[in-house]
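Reader: I am new to this structure. Please take me through the terms as you use them.

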Protein chains: 2
Amino acid sequence: MKKMVEFSLLTEEGQPFTFQDLLGDYWVIYFYPKAGTSGCTSEAQQFNELFEQFEGHIIGVSPDSTKSLSSFKEKHGLKFTLLSDSKKEFAQALGILKDGRLVRSTFIVDPWGRIRKEWINVKVDGHAQEVLEAYRKIKEEDFSINPSILQRRAFRGLRSDPIEDEKLLRLIEAAHLAPSCFNKQPWRFIVVRTKENLEKLHEALSSGNYWMKYAPALIIVHTKDEFDCQLSDDRNYALFDTGLAVGFLLVQATQMGLVAHPVAGYDPIKVKELFGLDGRIVTLIAVGKWGRFDQLNEKHLELEKSPRNRQELSHVVQLV
Amino acid sequence: MKKMVEFSLLTEEGQPFTFQDLLGDYWVIYFYPKAGTSGCTSEAQQFNELFEQFEGHIIGVSPDSTKSLSSFKEKHGLKFTLLSDSKKEFAQALGILKDGRLVRSTFIVDPWGRIRKEWINVKVDGHAQEVLEAYRKIKEEDFSINPSILQRRAFRGLRSDPIEDEKLLRLIEAAHLAPSCFNKQPWRFIVVRTKENLEKLHEALSSGNYWMKYAPALIIVHTKDEFDCQLSDDRNYALFDTGLAVGFLLVQATQMGLVAHPVAGYDPIKVKELFGLDGRIVTLIAVGKWGRFDQLNEKHLELEKSPRNRQELSHVVQLV
């Protein structure tokens, strides 16, 4: 996503206001050519009427002086902050000057300072209402459970269609963006996807994981205790941090339309022997496209479409 | 996201084709009123010309008989599958019948069977090209690194603005959707957000984590070994599975515009004493809005905007 450009301007009261002041909240930043003209007055009044619905997170920007802005604000009882972009540098950086004139434009910026929606060359009528709808929609989507977290299930009905190396590596790339204790990055992955190596790994699977033999790729996730922090009270971060990384991998796979199903049913000592590894074999992850079910036993076929099973949320969380 | 409705129809060759056949790949499913008419012929030819660009994943649906479809396909050398919705039940379920007549419509369905984009009441001219652009854009976005995984950093510059309980619980809800060994769900969370309890927890922080005192919420993540599988070769899944859950929590927090920064710098025995816990205190997570930096020491301030530091991907992955 595109970042909002960094800026540092003065408010109508002559106070500094910068990009950094936006961070942490959603904001509407709207640019208008000239305070006091009829279009700009109408636009300001529209936003002003919706001030509470926008939770006060509106900023108006124009090339006017702080003094003009101060009168404009007072005259119309505007509740939001106005910024003076007197040198048009902010507008310029956003590419909304045309022949030196500011093009009426609006941006929704998210708590990370990313531009989530923009309107360039705005028609004033009904504009603030349209922006409000988009503002609410973005917030609503962001506050919903992440669609990949929601879609992910431990599916077993895998198609054997090969998955490109580029996609398999993308999964590891996502995992490798996880945080870890002192940034030690203890996770290691062996992506097994040749017929010969897959067959070798199949020898280590427990019989209940017969369905993994249809997966076009199996990822061996391994680590060693000494790769990560070992802290007081027997805290071994190698396992926890590898879990974090696999969490990211699962989200990425689901977003890419791939099943990624981690299992514990394998012989870790055999995996180590077969692939010349030591340390801990934390999990194997079956990766592939969903959609083939004829190889599944009755119980697994049923699980494939059964509702998700979780303890009540109140069982795992306390607010204090 | 809206799911494509389940269907079971016959192809122009009289073979069954169902919803399940869509799973695992991206598909374009387009509905047209009558094979052989000029608009429907033009539309079919447009899609046919782009068959390879759509990777062959096009399906045409109409109320025609399989026999009519078979001649239509042969006459125009169509490369893709045509389905006969002779009772218009599929169209009906999708809500694209008007006065009993099929409204020309197109859907892009993703590998999970979710409708990602739809066009209702299609104008034929240039339609297939427009669909192709959307098809490519959706795939490109899905194959990009998840924006929350990419945006997430272990930020320390927290604002003390309170975070609503509803949002804090949403984080736990996401975590609780993680998979675990035999679905044991070993993770436990104490969300600390009252002044009194936060101050109590501050006593357990290491001095380097002074910045956490500005967080409006701190989450104690704990578990016990016996909450999860203990398997051969010393495999303790309580830590790994709790890591998975925290991975999901971090993705959700970032999507919601919140910093969630897990740390290891605290006295776990003190945390247990203070909050009457036993077992393992796996991590504390500081949660809050980003954007206040004046409380950070010089080193931490620099880290706040420094580039991400990771080992080369090739150090953590092998493809075999």
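Author: Copies are superposed by least squares on the C-alpha atoms of residues with pLDDT of at least 70 in both. This is a predicted model: local features need pLDDT of at least 70, side-chain atom pairs need 80 or more, and totals for chains, interfaces and linings use all residues. Residues count from 1 along each chain as its sequence is written, chains are lettered from A in the order written, and side-chain values use heavy atoms, without hydrogens and water.

Reader: How do you know how chain A and chain B are related?

Author: A turn of 180° and a shift of 0.0 Å along the axis lay chain A on chain B, with an RMSD of 0.0 Å. The two copies are thus related as by a two-fold rotation axis. A:Gly243 is the residue of chain A closest to that axis, its C-alpha at 2.0 Å.

Reader: What makes A:Phe7 and A:Phe90 a pair, and is it stacked or edge-to-face?

Author: Rings of Phe, Tyr and Trp (its six-membered ring) pair if their centres lie within 6.5 Å; planes under 30 degrees apart are stacked, over 60 edge-to-face, the rest tilted. The structure holds 34 such pairs over all chains. Here the centres are 4.2 Å apart and the planes at 20°, so the pair is stacked.

Reader: Why is the charged end of A:Arg188 said to sit over the ring of A:Phe227?

Author: The rule asks for NZ of Lys or CZ of Arg within 6 Å of the ring centre and within 35 degrees of the ring normal. The charged end of A:Arg188 sits over the A:Phe227 ring, 4.4 Å from its centre. Likewise, B:Lys117 has its charged end over the ring of B:Trp119, 5.4 Å from the centre.
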